[in-house]
Amino acid sequence: MDSVSPVDVLSTTKVCVYFEGVKAVDEVDLEVPRGRITGLIGPNGAGKSTLFNAVSGFVPLTAGTVHFGAQDISGWSPTRIAQLGLVRTFQDTRIFKRLTILENVELGAMGSGLLGVKARKAAGDALELLGVSHLSDELAANVALGDERRAGIARAVATEPDFLLLDEPAAGLDDDETAALSGTIVAIRDALGCGVLLVEHDMSVIFGICEGIHVMDSGRTIAVGSPEQIRTNPAVIEAYFGREHS
Amino acid sequence: MNLQFIVDAIGTGALYSLMTLGLALVFSVMGLMNFAYGQLVMIGGFSIILLRSQPWWLLILGTILIVVFVSLLMERLAFRPVRNATAMTMLVTSFALAQFLQQLARVAFGANPKPLEQFSELSVQYEVAGLIISRQVILTLVTTTLVLIGLALLLRKTNIGIQLRASTEDVGMAALVGIKSNRVIAAAFVISGTIAAIVAILFFATRTNVSWSSGESIVLIAFVGAVIGGLGSMVGAALGGFLMGFVYTMLNALLPMELRVFADAFLYTLVIVVLLIRPGGLIAAKGVRV
């Protein structure tokens, strides 16, 4: 499908999400270019998770639009969005405990339309890419958190998405696992050529691998730029680093 | 000691274990205890009468096709509209459907049981080590074993099987990874219907008639079997169903003559004891609340 009409950008235009009057996300314009890793950061309560959920269809938009290339996907169901090629992971992974790791990842491949041997092959490749192919036949209930997280990402990778949305993939991982995960995310981008949107608290991951960073605070965008620009941006230092590390 | 009754108990246990599997499968996929399942077996019985003069393979195939068709129709017309309703709504729907199908059969086939010509070829008996084993028992054991193996392979090795297992664990999450619930649930009803048809063939092979009310006792056994086995677990369902049939037959054989009329009471007392000790059933599935 990619070769027919390459979708080069995932974008939001003036997206608002209000919860009972609280402006969780307020007129945010986000751009996630294909082939690049974009970080979405901000202090707690900045609205990044809500924006992430809004883009992937898990939270209804109050106003604004989400575009997948030229296609308006505002208001689409999560399943339909995933089938289009915008696939997300979950912080709590949500893998099926009574299935093996391989079967879990196969499900992702089946969801994107692959069948039988092809689904198994796509799943095997994804596990290889994530470095957990040795756990293929383990029951998901029996693997460590880091490996479970990797299986969850592999499930998304097996669908060969155009855009991969990662929800705090490093949460709960130790330093070594986090460093390894950073390398893996780059490897996934290189292998699939997809755009990656990364919500993450761990700044070593964000500044280590992101090519673009989008910073939010109190529901609004306060800065967009390269890691160097963000690192020295006064508004970011004030709102983000100033508050959390003062 | 006469071990003859053990052979019979194993035969009955095998049949009940099949019955229970068909009911438990749909429950584990969509949380629906389908009390109209017994009526699928009843419809299978009437199909057998209808196809009695046909060659055996056509009788089997025809019965399976008819029951699967009704099972799919049930899902499409009765259960799909209430799929997202509460478990209680689905339960009441299944009761209503069971009554509807019974009354329909009563109108269509009459209030009196329809005679079924005996399958004399199945009553042929063999003597093995002093035990008498009928072809019917052998057929039941072989069929049950094949169905169990077939079901296990289907659930482990095929796309739809993996999707079914994922759906039994978390149907909402399965939908999120792009699994089409409609297809998976329809597949569960096809499998459940196939099992109901096989149960009908094995069950009515030893009966002399089929009645509009034939399904009632079957669904009760399957339901209790599924509960003591552990709702949501296929292995538990097979085990629970087997124990229901096995223990019931053993009670009938071992109880003193004057107590045999109370075999049912003893059986269900045992069921209560099992549930007091293991409220989640013998093999409790995680995430299923009873």
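**Reading the contacts and the cavity**

User: How many residues does each chain bring to the contact between chain A and chain B?

Analyst: In this predicted model, 23 residues of chain A and 20 residues of chain B take part in the contact. A contact of this kind counts residues with heavy atoms within 4.5 Å.

User: What area is buried between chain A and chain B, and what share do carbon and sulfur atoms give?

Analyst: Buried area is what two parts lose on being put together, summed over both. Here about 1800 Å² is buried between chain A and chain B, and carbon and sulfur atoms give 57% of that area. On the side of chain A, the residues that lose the most area to chain B are A:Phe96, A:Arg98 and A:Met110, which together make up 36% of what that side buries.

User: How many salt bridges does the rule find across this interface?

Analyst: The rule asks for a side-chain nitrogen of Lys or Arg within 4 Å of a carboxyl oxygen of Asp or Glu. Two salt bridges are found between chain A and chain B. In one salt bridge, B:Arg165 pairs with A:Glu103, with the closest N and O atoms 2.7 Å apart.

User: Into which domains is chain A divided?

Analyst: Chain A has a domain 1, made of 1–85 + 162–246, and a domain 2, made of 97–160. Taken over C-alpha atoms, the centres of these two domains of chain A are 24 Å apart. Their contact takes 18 residues from domain 1 and 11 residues from domain 2.

User: What can be said about the area and the salt bridges between the two domains of chain A?

Analyst: About 1100 Å² is buried between domain 1 and domain 2 of chain A, with 69% from carbon and sulfur atoms. A:Thr184, A:Ile188 and A:Leu192 supply 33% of the area that domain 1 buries against domain 2, more than any other three residues. The count of salt bridges between these domains is zero.

User: How many cavities of 30 Å³ or more does the search find, and what lines the largest cavity?

Analyst: The search of the whole structure finds one, with a volume of about 220 Å³. Its lining has 21 residues, and the closest to the centre are A:Ala82, A:Val87, A:Arg88, B:Leu176 and B:Val177. By class, the lining has 10 nonpolar, nine polar and two charged residues. The largest share, four residues, comes from α2(A).

User: Why does the largest cavity lie between the two domains of chain A?

Analyst: Domain 1 and domain 2 of chain A both give residues to the lining, so the cavity lies between them. Among the elements that each supply at least two lining residues are α3 (101–111) of chain A and α7 (171–176) of chain B.

Terms used:
Residues numbered from 1 in each chain as written. Chains lettered and ligands numbered in written order. Predicted model: local features only at pLDDT ≥ 70, side-chain atom pairs only at ≥ 80, totals over all residues. Heavy atoms only, no water. 1 Å grid on protein atoms, 1.4 Å probe; cavity = no way out; pocket = protein on both sides within 12 Å on 5 of 7 lines; lining within 4 Å. Points joined across faces, edges and corners; volume = space filled by probe spheres on them. Nonpolar A, V, L, I, M, F, W, Y, C, P; charged D, E, K, R; others polar. Domains from an automatic or database assignment. Buried area = accessible area lost by both parts, 1.4 Å probe.
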